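This report covers the disulfide and the contacts of aromatic rings in one protein chain. The sequence and structure come before the details.

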Amino acid sequence: RVWPRLTLNLGLRYDLEPLGVHPNDYLIAYVPGKKSTCSPNAPTGIVFPCDEGIPRAGARNDYNNFAPRVGFAYDMFGDGRTVVRGGYGMAYQVTINNVTQEQQVSLPFFVRETLRNINATGPSSINLSDPWKQRGGSPYPLNFDPQNLTFLSAGAYSFQKFDMRTGYFHQYNLSVQRQLGTTWMAELAYVGNVGRKLTTQRDINAPVLKAGATSANVDARRPLNPPFLKMRATEDLAESSYNSFQARVEKRFGTSMGLMGSYTFGKAIDFASWHDSESRWLDPDNVALNKAISDFDRRHSAVLSWLWTLPQPQSRFARAFLGGWSVNGIASYYTGRPVGGGTSSNGIQVGRDNDYDGQVNNDRPNLVGDPILAKKPSPDEAKAGSTWFNTAALQANPPGTRGNNGRNTITGPSGKNIDIGLFRSFNIRENHKVELRGEFFNVFNWVNLGSPIFTMSDANFGKIQTANPPRIVQLGVRYSF
């Protein structure tokens with residue numbers, strides 16, 4: 001407390017979460033130009049914890065994770081009714097241990113191959129009696145002796161960036177809280193954060209798009225082929241940001257009723273909304289091309305919640321049946337999320353590998369018009385087959401090119417919902433009670449449309465085929481002792 005009306009909070013946090021290791025050191029590292037001495041069969045660049053200077057995790061730990069923070073609270077008028085609060089702090093990303101597991105199911109410890117039937121009738125065709133012929137023979141049985149590991153002539157590897165940094169966030173907020181009367185409280189706030197060096201994945205040996213590219217020469221266009229094909233690298237390349245205006249109001253009616261309402265106007269932006277993003281980049285060598293609103297972005301959100309304990313009737317008979325009941329509820333409204341946003345999608349997709357990179361879910365169309373309709377279809381119109389957006393404004397990227405439509409450019413349907421609960425407890429005797437509950441989800445049975453089909457190759461492209469749950473009533477009895 002530096003002044004009767006001003007309080008400061010100052011802190012410094014240090015985070016160290018060592019990278020995961022394998023009990024048998026079944027992990028690899030990629031160090032360009034370095035030759036393994038303990039596994040001489042390994043291609044140049046693939047090294048192991050048994051090599052000099054290679055840590056057990058296959059990547060170096062980041063020891064520079066200092067996180068300062070500062071906060072303040074200022075009583076503006078000295079009466080305790082109006083307070084300005086603010087704060088800033090750094091926070092570090094939690095290590096994603098799935099990344100370590102992915103290395104254990106990678107060459108040379110595990111074989112995961114995609115065999116392309118380039119010519120169904122020629123010498124390069126796949127014959128199920130000898131499916132490994134294209135790859136120079138079967139890699140099985142696998143041998144985990146470092147001196148005699150099996151490496152396919154061209155295979156897929158997974159590893160972490162050797163000098164991997166821990167992702168971090170700058171978090172900040174500024175708010176004004178005001179007590180109104182004796183039972184009201186209102187708050188206005190600005191809340192945001194910026195993320196840097198966040199975990200993401202990409203193929204660092206992705207095929208180069210150039211003249212003469214076809215679906216038959218995907219691997220030949222990889223910069224490091226031979227000896228490598230796909231090289232799935234976990235790196236610290238992603239960025240994000242979130243900024244929002246938030247408003248909140250609370251009202252307490254003695255001990256029998258509470259009311260709280262909140263509204264958020266915010267915007268989330270990132271390069272990728274999920275760390276497993278290897279197949280989502282438009283161009284793996286320029287991940288910033290994926291910068292767009294986040295998959296989970298909802299621009300507007302409003303929520304009203306309440307809890308009301310019904311007054312006790314005067315009559316003993318009425319009190320026995322009607323007294324002690326409580327009603328709670330949540331009413332919410334929210335705008336839509338991006339169409340095609342999710343852990344396995346990338347906004348509007350063509351659904352074909354027109355850019356010849358071996359991926360079918362990262363091709364984006366060309367934008368040739370305005371995809372946003374002036375009037376969105378109603379639930380009845382959507383059910384009848386109307387499209388949610390102007391599909392004619394999007395055209396498939398021509399073969400050998402990348403589309404110019406951005407990621408997450410179209411927003412899906414908004415939603416609204418009210419859930420109500422009714423409950424009462426009956427005391428049987430000491431430490432024994434029975435609770436009756438009735439819960440009504442989507443009590444007014446509003447139709448909340450699902451997301452439209454986002455793949456152009458689908459016959460229902462642009463149409464909405466799903467809806468969120470209808471009204472659901474749940475009744476229950478609970479006996480506690």
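## Disulfide

In this predicted model, the count comes to one disulfide. The link joins Cys 38 and Cys 50, whose sulfur atoms are 1.9 Å apart. It is right-handed, with 55 degrees about the S-S bond.

Cys 38 lies in the loop between β2 (29-30) and β3 (46-47), and Cys 50 in the loop between β3 and β4 (66-75), so the disulfide ties together parts that are twelve residues apart in sequence. Cys 38 counts as buried, at 11% relative accessibility, whereas Cys 50 is partly exposed at 45%.

## Aromatic pairs

The count of aromatic pairs comes to 13. One of them is formed by Tyr 92 and Tyr 168, with 6.2 Å from centre to centre. The planes of Tyr 92 and Tyr 168 make an angle of 55 degrees, and the pair is classed as tilted because only planes over 60 degrees apart count as edge-to-face and those under 30 as stacked.

This pair links distant parts of the chain: Tyr 92 belongs to strand β5 (residues 82-92) and Tyr 168 to strand β7 (residues 168-180), 76 residues apart. Tyr 92 is buried, with a relative accessible area of 14%. Tyr 168 is also buried, at 16% relative accessibility.

Elsewhere, ring pairs join Tyr 26, Phe 48, Phe 109 and Phe 151 into a cluster.

## Charges over rings

Lys 416 places its charged end over the ring of Trp 446, 4.8 Å from the ring centre. The charged end of Arg 437 sits over the ring of Phe 423, at 5.0 Å from its centre.

Methods
Residues are numbered from 1 along each chain as its sequence is written. This is a predicted model: local features need pLDDT of at least 70, side-chain atom pairs count only at pLDDT 80 or more; totals for chains, interfaces and linings use all residues. Side-chain values use heavy atoms; hydrogens and water are left out. A disulfide is a pair of cysteine sulfur atoms within 2.5 Å. Helices (H or I, at least four residues) and strands (E, at least two) are DSSP runs, numbered from the N terminus. Buried means under 20% relative accessible area, exposed over 50%, partly exposed in between (1.4 Å probe, protein chains only). Rings of Phe, Tyr and Trp (its six-membered ring) pair if their centres lie within 6.5 Å; planes under 30 degrees apart count as stacked, over 60 as edge-to-face and the rest as tilted. A charge sits over a ring if NZ of Lys or CZ of Arg is within 6 Å of the ring centre and within 35 degrees of the ring normal.
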